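Please read the following explanation alongside the sequence and the model, moving from a single residue to the helices around it and then to the other chain.

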Amino acid sequence: MHISNGIINGPVAGVFAALALAALSFCVLRGRRDLDDRLAPMAGLVAAFIFAVQMLNFPIFTAGVSGHLLGGALAALLVGPWVGALCVAVVLVVQALVFGDGGVAMLGLNITNMALIGTAAAYLLIAGLLRVLPRTPFGLSVTAFVSALVSVVVASQGFVLQYWLGGTTDLGGNLAGLAGTMAGFHLLIGIGEGLITATTVATVAKVRPDLVYALRALKPATPATVPAVGGAR
Amino acid sequence: MGAGHAHVLYREVPSPVHRLAPEVKIAAMVLFTVAVVATPREALWAFAGYAVLVALVAALARVGAGWLLLRSMIELPFVLFAFALPLLGAGERVEVAGLSLSVDGLYGGWNIVAKGTLGVLASLLLAATTTTRDLIVGLDRLRCPQIVTQIATFMLRYLDVLVGEARRMRVARVSRGDDPRFLWQLRGFAAGVGALFLRAFERGERVYLAMLSRGYSGRMPVVWRGAGAATAGQWLAAATVPVTAVLIAATAVVLT
């Protein structure tokens, strides 16, 4: 759901750009503390992975946006909310600058929806669900699936809010219809995203549980075992 | 990220635009896009002016019109939306060829097509004239926080790792007797996504440790940052395009 130039008016885009800049600055501050030798390559790979899966685009004709996998939940699970939001934001910036996917002037809106709202919703759910669900691989998979699904739908409603605030064309009473279309499509996309996130995180957690940020954050007492690098195969 | 790491959109030809420092091009592109978006949609002539600017830069950068058109297909969903708007929009309506169309919707559709296309063309021109390495050096010189350039560096580097690993896994699957055709590849691919991620991570981790042992400290080498930084002349030369765009936008705002 990259918003292209001209869909939302300038002032609203400006306000959201300022909002996104402030939030990302905070993420930079908190993310610096998180980013160690183990997280740096992981952050890069998560960003590359998200970049690759966002190439799968499904156009939503009646809403003027394309729907695709977002990766916010995957990022929140594997590298934490702060670095995770930065990863998604970096993907969006590079896509806008180089591929023309999503307008440069609309970056603030896109970052707010996908990097900030998506990752925040996912992380809140992850933190809650991991406390409630049993600490089993199945519990982790369910957490990943649900948080991915919900985060995609919530992020899609961010666009509806922005369109309500500053859509360039008055759709009359069709705003509820827009919200419904966006939610419906992104429910389907969310199921796909949930499955990918769950399988990926489950595999990583099985082989290298030390790499899953969400599991690390919950049990800080256990000393992290550093595996022999490159010896896992 | 040495030689040979240019991305698919980069056009390897010598031109004055290619020789400009990357930070200059990024700044010019962003300013140009903002000027375009700030233009009132009723000022049709202003958009013609922007199109002329884009065409001039494309000619100067020796980027062909066919290539630009083909690559701007990414915008297609938005264009389709733009065509739907006149039918969906509210307010005053006009009759065109037997269809009752909303005036606001027509302007809205035009707004999206014009601003979207100009934005896409501007970023394609940046992509065609700047390698990925230069892009990151440019962001670094524009005072982008180090953690962000670091993530971007690894992202672009690991994209190749990810693609390479996916190809190896596919070759392995095919050589074991799997015969995937078109959509049916998806199943085999989906089942292997977790494994792909892990394999790419382990390869990427080795790349990272190799970089560390060669003295990588989370920043671009100082030599890169210093050498080739934009001169005042380059800033001035590149500023002509966005400044013209800003002037057009300002005139359009005053006139409408």
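B:G194 is part of helix α10 of chain B, in what is a predicted model. Is this glycine buried or exposed? Because 20 C-beta neighbours lie inside 10 Å of its own position, B:G194 counts as buried, the cut-off for that class being 20 or more. Once the neighbours within four places in sequence are set aside, the residues in contact with B:G194 are A:T199, A:T200, A:A202, A:T203 and A:V204, which carry the chain letter A, whereas the glycine itself belongs to chain B. Along its own chain, B:G194 is 53 residues away from B:L247, and the C-alpha atoms of these two residues are separated by 52 Å.

The helix that holds this glycine also packs within chain B: α10, residues 193–213, and α8, residues 146–175, meet at an angle of about 130°, and their axes are 9 Å apart. The two helices are therefore oblique to each other, since an angle over 115 degrees that does not exceed 145 falls into that class. Where α8(B) passes α10(B), the crossing is right-handed. On the α8(B) side the contact is made by B:Y158, B:V161, B:L162, B:E165, B:A166 and B:M169, and on the α10(B) side by B:L196, B:R199, B:A200, B:R203, B:G204 and B:V207. Sorted by class, these residues comprise eight nonpolar, one polar and three charged.

Stepping back to the chain that contains this pair, chain B has 12 helices and two strands, and its elements follow one another along the sequence as α-α-α-α-α-β-β-α-α-α-α-α-α-α. Of the 256 residues in chain B, 42% are buried. Among the contacts in chain B with a separation of 6 or more, 80% join residues that are 24 or more positions apart.

Chain A offers a helix pair that can be read in the same manner. Helix α1, residues 10–34, packs with helix α5, residues 137–166, at an angle of about 135°, and the axes of these two chain A helices are 9 Å apart. By the angle between them, α1(A) and α5(A) are therefore oblique to each other, and their crossing is right-handed. Here A:P11, A:V12 and A:F16 of α1(A) meet A:Q162, A:L165 and A:G166 of α5(A). The residues of this contact between α1(A) and α5(A) divide into four nonpolar and two polar, with no charged residue.

Technical notes
Residues are numbered from 1 along each chain as its sequence is written. Chains are lettered from A and ligands numbered from 1 in the order in which they are written. This is a predicted model: local features need pLDDT of at least 70, side-chain atom pairs count only at pLDDT 80 or more; totals for chains, interfaces and linings use all residues. Axes are lines fitted to C-alpha atoms, for helices over the stretch in contact, and angles run from 0 to 180 degrees between N-to-C directions. Helices (H or I, at least four residues) and strands (E, at least two) are DSSP runs, numbered from the N terminus. Angles under 35 degrees count as roughly parallel, over 145 as roughly antiparallel, 65 to 115 as roughly perpendicular and the rest as oblique. A crossing is left-handed if the near helix is turned anticlockwise from the far one by less than a right angle, and right-handed if clockwise. Two residues are in contact if their C-beta atoms, placed from the backbone, lie within 7 Å. Ala, Val, Leu, Ile, Met, Phe, Trp, Tyr, Cys and Pro count as nonpolar, Asp, Glu, Lys and Arg as charged, and the others, Gly among them, as polar. A residue is buried if 20 or more other C-beta atoms lie within 10 Å of its own, exposed if 12 or fewer, and partly exposed in between; C-beta atoms are placed from the backbone.
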